[in-house]
Every structure is written in C-alpha cells, then in structure tokens.
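Here are my notes from a pass through this one. Have the coordinates open as you read, and go point by point.

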Amino acid sequence: MKKLLLLIFCLALVGHANAQKNTKAAEKPVAAAETSAPAEASTLTAAKLTSEDLMVLLNSSGKFLMKYDLVFSGKEPGSMEIIMEEYNGRDSVKTIFGGFGIGGLRKDDGSMKSLLVGIDRTSDTTATALVRLGGEGAGCRLALKRILATQPPLYGVRPFTIGEIKTGEKIPVLLYASYFVDPESAKTDRPYLRFCGSSEVDREMTDELFDLCPHYYIVSVRFR
C-alpha cells in the first residue's frame, strides 16, 4: 500500500513538472524572423533599348522621324514630288519648297521603298525638314517664330492620317507647328504655351490645331 501511494505521488510530481514546462513553452514569444519571409533585394539592371526609347530621346532633342510604307494597287507611279508649305494662320499659306522629284520607287529586289519624313531642330530659331525615299531625298530650312517674348520658339509634330492615296494628288504627311498661347491664360498677366490635342491630324485640316497654332509647316508628297 505504501509503495502504491509512493508511485502515485511520483507520477503526480512528473505530471505537474510537464504541465509547467508546456505552459512556459506556450508563453515563449516567437521571433519575427521565424514567421516572416525574407525581404526581396532592390535591384537596378541594364535593359535592352527599344525603338520607342530611341524616339523619346530624339524627340527630347528636337528631332522627329516618321516612316510610311508605300503600297500601290494598279499602275504604279514613276516618281514622287516633295512639297513644303508655310502657314501663318490657316488662311495665309506660301509654298517654300516644291518641284523636286524622286524616281525609282522600287528597290532592286522589287519591294517598295519606305518614305521617311523628319524634322531636325538645328538652333533656337531654325529647323530642317527632311524627306527621303530610299537613298534619295531633299531638305528645306524652316524659320521658327517666337510666340511669347519670354520663351524661345517651341514647336511640335503631328503625323497626318493618310489612308488611301491617288496618283496626282497632294498628300500631307507631317505637320510641324508652333505651340499656341492657352486661351484662358491669355486673359491673365501670365500667359503660357500649350501643344495638345489628338495624336494625328486629318487631311481635311479640321483639327483645332490648325486654328490655334499661329505658325506651322506642312510637308506633303505627290506621286506622278
């Protein structure tokens, strides 16, 4: 009987000790490092440049370039004429370049050449319009006008929506226009310039840019 009581007493002591041990283990705080995933490292690596990246860089330095693919149905024209016009407002137009023709619209392999039209800002007051078809082309110097006395001349580019073309018609391909004074700011003592609107302009010149911009150039071609 004494042995049985002693055994029961020993078992009770062991159970009490285990209970205290489990309670302390449950109360022990868990370190944050044991529960959260390691943070990802910040990195900076070189990436491959795209043609869009290059265009952004060129545009920021006053250089713009547009490319058009030529596709003719039926009889192909034999040459392309380049025309450049200066506008001081919609109703005042003067041809500053015309009559220059480029022949040979096909490459040696029989494929059509691509038409390239660009603007190169050469100084604060001048730019050059460039048109190339294959290995031939021509350029024309453009005089830029200051719209606000407090700012140098600011100009922007818009391509024309072209679509179907016909031999003999004048086809506008590029608009190079001055910024315009914001109409609301013009009523204050701090006017500022803007150049916004649609990303392309139509051949019928219905876009508001043709009315808002006080000075602009239009580059056109004509296939003969």
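Which residue follows α2, and what is the sign of its phi?

1. That would be Gly62: its phi is positive, near 85°. Bear in mind that this is a predicted model, so treat the angles here as computed values.

2. Now α2 itself, residues 51–60. None of its ten residues counts as buried, that is, under 20% relative accessible area, and so the helix lies largely in the open.

3. Strand β2 (residues 79–87) is another story. Eight of its nine residues are buried, so the rest of the structure largely encloses this strand.

4. Who are the neighbours of β2? It pairs with β3 (residues 93–103) in the antiparallel sense, over eight bridges. It also pairs with β12 (residues 216–223), again antiparallel and over eight bridges. To check the register, look at Tyr87, whose bridge partner in β3 is Val93, and at Glu85, whose bridge partner in β12 is Ile218.

5. The β2–β3 hairpin leaves five residues between the strands, and Gly89 there has a positive phi near 85°.

6. Further along, β5 (residues 126–133) and β6 (residues 136–143) run antiparallel and are joined by eight bridges. A handy register marker is Thr128, which stands opposite Arg141 in β6.

7. How many residues sit between β5 and β6 in their hairpin? Two, and Gly134 in that turn takes a positive phi of about 65°.

Terms used. Residues are numbered from 1 along each chain as its sequence is written. This is a predicted model: local features need pLDDT of at least 70, side-chain atom pairs count only at pLDDT 80 or more; totals for chains, interfaces and linings use all residues. Side-chain values use heavy atoms; hydrogens and water are left out. Buried means under 20% relative accessible area, exposed over 50%, partly exposed in between (1.4 Å probe, protein chains only). Helices (H or I, at least four residues) and strands (E, at least two) are DSSP runs, numbered from the N terminus. Two strands pair if DSSP finds at least two bridges between them.
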